[in-house]
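User: I have a structure open and would like to talk through how its parts meet. Could you help me read it?

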Number of protein chains: 2
Amino acid sequence: MVNESVWLRPARRERRPLTLDRIVAEAVALLDEEGEARLTMRRLAERLGTGSTTLYWHVKTKDDVLDLALDAVFGQVPLPEGGTWRQRAAALVTGWRAALLRHPWSTGLLDRPLMGPNALERTEFLYATLAEAGFTGPDLIAAAFSLSTFVTGSATMQARDPAGSGPGLARHLQQHRDAYPTLAAHGLDPDWDAAFTRGLAYLLDGMTPGANP
Amino acid sequence: MVNESVWLRPARRERRPLTLDRIVAEAVALLDEEGEARLTMRRLAERLGTGSTTLYWHVKTKDDVLDLALDAVFGQVPLPEGGTWRQRAAALVTGWRAALLRHPWSTGLLDRPLMGPNALERTEFLYATLAEAGFTGPDLIAAAFSLSTFVTGSATMQARDPAGSGPGLARHLQQHRDAYPTLAAHGLDPDWDAAFTRGLAYLLDGMTPGANP
DNA sequence: CCGGTCCTCGTACAGCGTATTATCGTCGGG
DNA sequence: CCCGACGATAATACGCTGTACGAGGACCGG
């Protein structure tokens, strides 16, 4: 359907051009508001004021949109400067985790290859920081592997069971307190942020640059 | 459609009854062979020799099938006995990771609440092992959090970039070697298993029972 | 004025999860 | 021995999905 009247048709300049950036930004907003299940090409197009199939000129598939949205989240992770290598690494992974938790849907996309420029830039930064600190060979790989693994894993866990996750898990544990005694005693409403900080300290304490050749 | 002939109709005992267990087992097999995207209620039913909507008598939604399939994977994780607490914890998380990697699709389901009996049993085992070792309070929570986070995170990473992941990531890194020099130098074809073992040692080295009250 | 190129959209299709409804097979009680 | 009831199965149908396709609109350099 063509816009019938000049008056109803948005003025030339008023209608912002559809760009890949606008699509990705709107996808992130939609995901933030309604979650992954409700992200639909049609709904996304509607919010952008375009036809749904128009999106396919800018993007090959819906998976592209998800990949780009995820990398946009990675783009929010600041690259810290200054301080010791340990401070820089801790700041990086803490900011990384915070970015993922600001957009909880992102943790559901962490399978699938992370080859976006923002993801690679952060990974490179991590490797470089550790290499500069003196980690080499298998130690370097293991250190980088452990830290990034720790970030994505902890974000996934926290997005899955948000603090005070309602009557769900907690009540279920209470009901089967006999089957899961330790869990029911300690794991009911844990402070995940504190656990992350302390766990990160464990990990960093355990790794020493130049220790194992 | 009714089976027309006695001869074509499967003999009484030959046709195994449709049970929840059979559905879940077949779902796991289908996921193993074709991955999550190709798991369809219709295809699953076809493999089971039933109509698709019949499944809905045993199961409320497709998500139920996925939850049950995931918990079935957790059921493959052995609960180690004997040895020090450190040996038991290491054995648990190693077996946990192996089970997830035997069914790579499982890492894509690690968002979503893990409330299945097998998952809870393993988590309880981990908490109990650490508590018995002397971890208490925030230290206990942080230790359990770190270990399970490390398992799920590392399995996700490895399922995402399997060893020798073809021309994909490696070539992309080579092409942009100037942008990601450290990554291109070290991260091309890493030994994830070795990185996991070493990283696990970091983590366990960093945590001491009864250290921080 | 006129191609040509970038961009937009309407239509259409196969496949999805699943609600509804009807029907089957089996078995216990009269 | 029948018959009703109930556990289990299946056919049909609905609304929604991702996206292929082709017909155009908008703008631009000549």
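User: How many salt bridges are there across the interface of chain A and chain B?

Analyst: The rule finds 2 salt bridges across that interface. Please keep in mind that this is a predicted model.

User: Which side chain meets Arg198(A) in a salt bridge?

Analyst: The partner is Asp139(B), and the N to O distance is 3.3 Å.

User: And how many residue pairs are in polar contact between chain A and chain B?

Analyst: There are 10 such residue pairs, counting those with both residues at pLDDT 80 or more.

User: Which elements of chain A give two or more residues to the side that touches chain B?

Analyst: They are the helices H6 (117-133), H7 (137-160), H8 (168-175), H9 (181-186) and H10 (192-206) of chain A. The largest share comes from H7(A), with 17 residues.

User: What classes of residue are on that side of chain A?

Analyst: The side of chain A that touches chain B has 31 nonpolar, 17 polar and 9 charged residues.

User: How much area do chain A and chain B bury between them?

Analyst: They bury about 4700 Å², and 70% of this is on carbon and sulfur atoms. In chain A, the residues that lose the most area to chain B are Phe145(A), Arg160(A) and Tyr202(A), which together give 16% of what that side buries.

User: How many residues are in contact?

Analyst: In chain A 57 residues are in contact with 57 residues of chain B. The copies meet through the same surface, because 100% of the interface residues of chain A are also interface residues in chain B.

User: What turn lays chain A on chain B?

Analyst: A turn of 180° does so, with a shift of 0.0 Å along the axis and an RMSD of 0.0 Å. The two copies are therefore related as by a two-fold rotation axis.

User: Changing topic: which residues are closest to DNA strand C?

Analyst: The strand is surrounded by 19 residues, and the closest are Thr53(A), Trp57(A), His58(A), Arg42(B) and Lys62(B). The residues of this surface divide into 6 nonpolar, 8 polar and 5 charged.

User: Where on the strand do the polar atoms of Thr53(A) and Thr40(B) point of contact lie, base or phosphate?

Analyst: For Thr53(A), a polar side-chain atom lies 2.5 Å from a base oxygen of DNA strand C. For Thr40(B), a polar side-chain atom lies 2.9 Å from a phosphate oxygen. Lys62(B) has a backbone N or O atom 2.7 Å from a phosphate oxygen of the strand.

Terms used
Residues are numbered from 1 along each chain as its sequence is written. Chains are lettered from A and ligands numbered from 1 in the order in which they are written. Side-chain values use heavy atoms; hydrogens and water are left out. Copies are superposed by least squares on the C-alpha atoms of residues with pLDDT of at least 70 in both. Contact means heavy atoms within 4.5 Å. Buried area is the accessible area (1.4 Å probe) that two parts lose on being put together, summed over both. A salt bridge is a side-chain nitrogen of Lys or Arg within 4 Å of a carboxyl oxygen of Asp or Glu. A polar contact is a pair of N or O atoms within 3.5 Å; within protein, one must be able to donate a hydrogen and the other to accept it, and residues adjacent in sequence count only if both atoms are side-chain atoms. Helices (H or I, at least four residues) and strands (E, at least two) are DSSP runs, numbered from the N terminus. Ala, Val, Leu, Ile, Met, Phe, Trp, Tyr, Cys and Pro count as nonpolar, Asp, Glu, Lys and Arg as charged, and the others, Gly among them, as polar. A residue is near a molecule or strand if one of its heavy atoms lies within 4 Å of it.
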